[in-house]
Amino acid sequence: MIELQGVHKAFGPKRVLNGIDLTVPTGESMVIIGGSGTGKSVLIKCILGLIRHDAGQILLDGEDVTKAERDAFLARFGMLFQGGALFDSLTVWQNVAFRLLRGSLKRPKDEAREIAIEKLRRVGLKPDVADLFPAELSGGMQKRVGLARAIAAEPEIIFFDEPTTGLDPIMSGVINDLIREIVVEMGATAMTITHDMTSVRAIADKVAMLHDGVIQWTGPVSQLDESGDPYLDQFIHGRAEGPIEAVR
Amino acid sequence: MSVLAPIAGIGRSTMAILAAIGRVAIYAASAVSHIFRPPFYIREFGQALLYIGYFSLPVVGMTALFTGGALALQIYAGGARFNAESVVPSIVAIGMVRELGPVLGGLMVAGRVAASIAAEIGTMKVTEQIDALVTLSTHPMKYLTVPRVLAATLAMPVLAAVGDVIGIMGGFLVGVTRLDFNSYAYLKNTVDFLESWDVVSGLIKASVFGFIVATMGCYHGMNSGRGAQGVGRATTNAVVSASVLILAANFLLTEMFFAQ
Ligand SMILES: Nc1ncnc2c1ncn2[C@@H]1O[C@H](COP(=O)(O)OP(=O)(O)O)[C@@H](O)[C@H]1O
Ligand SMILES: [Mg+2]
């Protein structure tokens, strides 16, 4: 279980997170929605310890994440970055199998490659991309390789930062199904950031909306349409008029 | 208040410079401490050695060749003023081996290697690849910095040694073809007057310069600002700071080694 209590983060004078309270129970799929630039990526990076939050507490299974033993802590996580963040000096399969080629999860090269190819297939990529370099792939393909890398070591907790942005509708469907599958089959806890309402409905157990540095609304996906929250309504219907200013 | 404003400005920039020196020193110390602690990334070290060492050979070789030649001409012209043309071989050798081989080689490698390390790591930083490394339980200091710093520290003396030989050869070629030196006498003169400490001190310097180059490249890359502009600035800062530090370190080491 991931618990955030009063988490604050500012960059210089710019206050991005302003007291976030959020609980993600084990085995659930939480989707974070919110306008771009509201701090969704920052929130996830704070949980992973990539960015140090200024105040508040982040607990994983009751333990403060800033005090956890880093290697053991990170080994439980998989993360898909918003831009893919593939290593350009390594081939696609070496990217996917990165964790399996070194460190505590190290295994023989052939086996690591086989696992990588299997994961690539799960995200809808053919084995012949395995030996290409990331720069030779389209943006959408890079995203899917990033996804394959995030799930390669079968982590308990997976973060997806905009997994379907830049993909065509069919591939988005494939990825949505995959994320759902990972949560159901592997029993993983998932936190997904997205703007795509089809995605939200396909993968969420619960939804949280981030606005103005706080969780504006949170609840099960079934209550999304009858929340009565003007901010949420404006967001899910994509209206220009409403309490959220279009110019930010 | 306005009277004190310039002084406050001086104070502020002094503080900023001291803080920057502190950060670099901490970074360098941390890099050194990580060299001796596992895990070790052998493959990355090999690649760094190839890139920093082997592929720098042409640049360092050319620099040494032309510098050795020019040095011979200058010393001949200078020596002629007091009938001491015969010192050309020994002064060329000592000049190359003690000073110009390591320093010019170091500066050329700073331009080539510090820039490319800063650009590569800076790009990794702005495209979240460094964050991705961390989430994949890999320490960026061990995976990116240590292989490069170690490779540069070990490769630079070898490059300098090659540069020394080529530089002396440059002087020899000019001496024999343009200055009417007897080729046997030139070589004998070189060998007779060169002491092993001349060579060794130069190689130690080179090693320090290699450390400086890679450390500055990695430091500025890791602290790159956001976007393409951030990477550009990191690259410039890496080359400028590495070059200045090389010259400063050269002075200090020379003082340490040779001051009476
Ligand atoms: N490392 C950083 N340094 C300074 N500002 C940052 C940094 N990371 C994010 N920000 C700022 O924080 C805000 C939220 O960013 P982000 O979390 O990426 O938004 P999004 O919700 O679209 O993912 C943005 O205004 C961004 O400029
Ligand atoms: Mg984002």
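**Helix packing, metal site and chain contact**

In the predicted model, Ile168(B), Gly171(B), Phe172(B), Gly175(B) and Val176(B) of helix H6(B) meet Ser183(B), Tyr186(B), Leu187(B) and Thr190(B) of helix H7(B), where contact means heavy atoms within 4.5 Å and helices are DSSP runs (H or I, at least four residues) numbered from the N terminus, as are strands (E, at least two). By class, this contact of H6(B) with H7(B) holds five nonpolar, four polar and no charged residues, with Ala, Val, Leu, Ile, Met, Phe, Trp, Tyr, Cys and Pro taken as nonpolar, Asp, Glu, Lys and Arg as charged, and the others, Gly among them, as polar.

Residues are numbered from 1 along each chain as its sequence is written, while chains are lettered from A and ligands numbered from 1 in the order in which they are written. Local features need pLDDT of at least 70, side-chain atom pairs count only at pLDDT 80 or more, and totals for chains, interfaces and linings use all residues, whereas side-chain values use heavy atoms, with hydrogens and water left out.

The magnesium ion (ligand 2) has as its protein donors Ser41(A) (OG) and Gln82(A) (OE1), at 2.0 to 2.1 Å; donors are N, O and S atoms within 2.8 Å of the metal (3.2 Å for Na, K and Ca), and sites may look incomplete because water is not among the atoms. Ser41(A) lies in helix H1 (residues 40-48) of chain A, and Gln82(A), 41 residues apart from Ser41(A), in the loop between strand E6 (77-80) and helix H3 (92-96) of chain A.

Chain A gives 20 residues to the contact and chain B 16 residues.
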